[in-house]
Amino acid sequence: LRAGGLPATKARGVPTNRYRPIPGVPKQWHVICPNTFVPGKRNPLVAQYCEQFAPVLPSLFIGSMENPAIVDMTRCGGIPLNKPGIPQRNGIQLGGRAPYAAMPLLFNASEFCIVGSQEEAGPWVALEAMACGVPTIVMADCAWFVAEAFAELERDFGGVRVVPPCAEAIHAAVEDMRGQYEYESIQARAAIVARYERVHDMYDPLD
């Protein structure tokens, strides 16, 4: 656009008119973990929670499969002793990158969003999940002030938990939010609307 002489600005934020709760969508997955399969995103950490605590519903791990070793570790539940051929109980479903337009539906079809990252610039997926009313969990050691920013949302609104990077802490946070799920869902959405309530205007056609 700029090369053609037109003014262009990159919008930063969550379009809350696109990422929103969708009534009537059944919960098909326990956890959605939308992250590139590389070491810093720590998908196997979230997978270990699924393996160790065996939730009833399956969980969905999606993202660019850049590192085959990380993909394999995620598949086996994040535990190296899980050798090929030994049945796992994690219910993990693996997928590649999902279309942008499908993400609100995938979030709405999940009970929780868990971002295991130690390295993040956003993470936008956590904010987008919360905008959909999905309670979210972020790791306490996530760098670049990410953990601090989400801890602030947790303190002021709820709908998110910042926990140490271990399966037991993730499980405790899940059970805590499950006990008041409707409230946590409402507060997750409220936290993002309060922060980005005008962002969606940048995505709408001008009158």
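Biologist: What share of the chain's 207 residues counts as buried?

Modeller: The share is 46%. Buried means under 20% relative accessible area with a 1.4 Å probe and protein chains only, while exposed means over 50% and partly exposed lies in between. The model is predicted, and local features need pLDDT of at least 70, side-chain atom pairs 80 or more, while totals for chains, interfaces and linings use all residues. Residues are numbered from 1 along each chain as its sequence is written, and side-chain values use heavy atoms, without hydrogens or water.

Biologist: What makes helix H1 mostly covered?

Modeller: H1 spans residues 43-53, and 8 of its 11 residues are buried. Among them are Pro44, Leu45, Val46 and Tyr49. Asn43 and Glu51 are also on the buried list. Ala54 follows H1, with a positive phi near 45°.

Biologist: How many helices and strands are there in the chain?

Modeller: There are 7 helices and 6 strands. They are DSSP runs numbered from the N terminus: helices are H or I with at least four residues, strands E with at least two. Along the sequence the pattern is β-α-β-α-β-α-β-α-β-α-β-α-α.

Biologist: How do you know that E1 pairs with E2?

Modeller: Pairing needs at least two DSSP bridges between the strands. E1 (residues 29-34) and E2 (residues 59-62) have 3 bridges, so they pair. The two run parallel. Ile32 stands opposite Leu60 in E2.

Biologist: Why are E3 and E6 called edge strands?

Modeller: The 6 strands form an open sheet in the order E3-E2-E1-E4-E5-E6, with parallel pairing. E3 (92-95) and E6 (160-163) each pair on one side only. From one strand to the next, the twist averages 20°.

Biologist: What share of the contacts with a separation of 6 or more joins residues 24 or more positions apart?

Modeller: Such pairs make up 76% of those contacts. A contact means heavy atoms within 4.5 Å.

Biologist: Which residues lie nearest the centre of the second largest pocket?

Modeller: They are Ala121, Gly122, Leu127, Ala149 and Arg195, out of 13 lining residues. The pocket has a volume of about 160 Å³. H4 (124-131), H5 (146-156) and H7 (181-196) each supply at least two lining residues. H5 gives the largest share, 4 residues.

Biologist: How many residues of this lining are nonpolar?

Modeller: The lining has 10 nonpolar residues, 1 polar and 2 charged. Ala, Val, Leu, Ile, Met, Phe, Trp, Tyr, Cys and Pro count as nonpolar, Asp, Glu, Lys and Arg as charged, and the others, Gly among them, as polar.

Definitions and conventions
Axes fitted to C-alpha atoms, helices over the stretch in contact; angles between N-to-C directions. 1 Å grid on protein atoms, 1.4 Å probe; cavity = no way out; pocket = protein on both sides within 12 Å on 5 of 7 lines; lining within 4 Å. Points joined across faces, edges and corners; volume = space filled by probe spheres on them.
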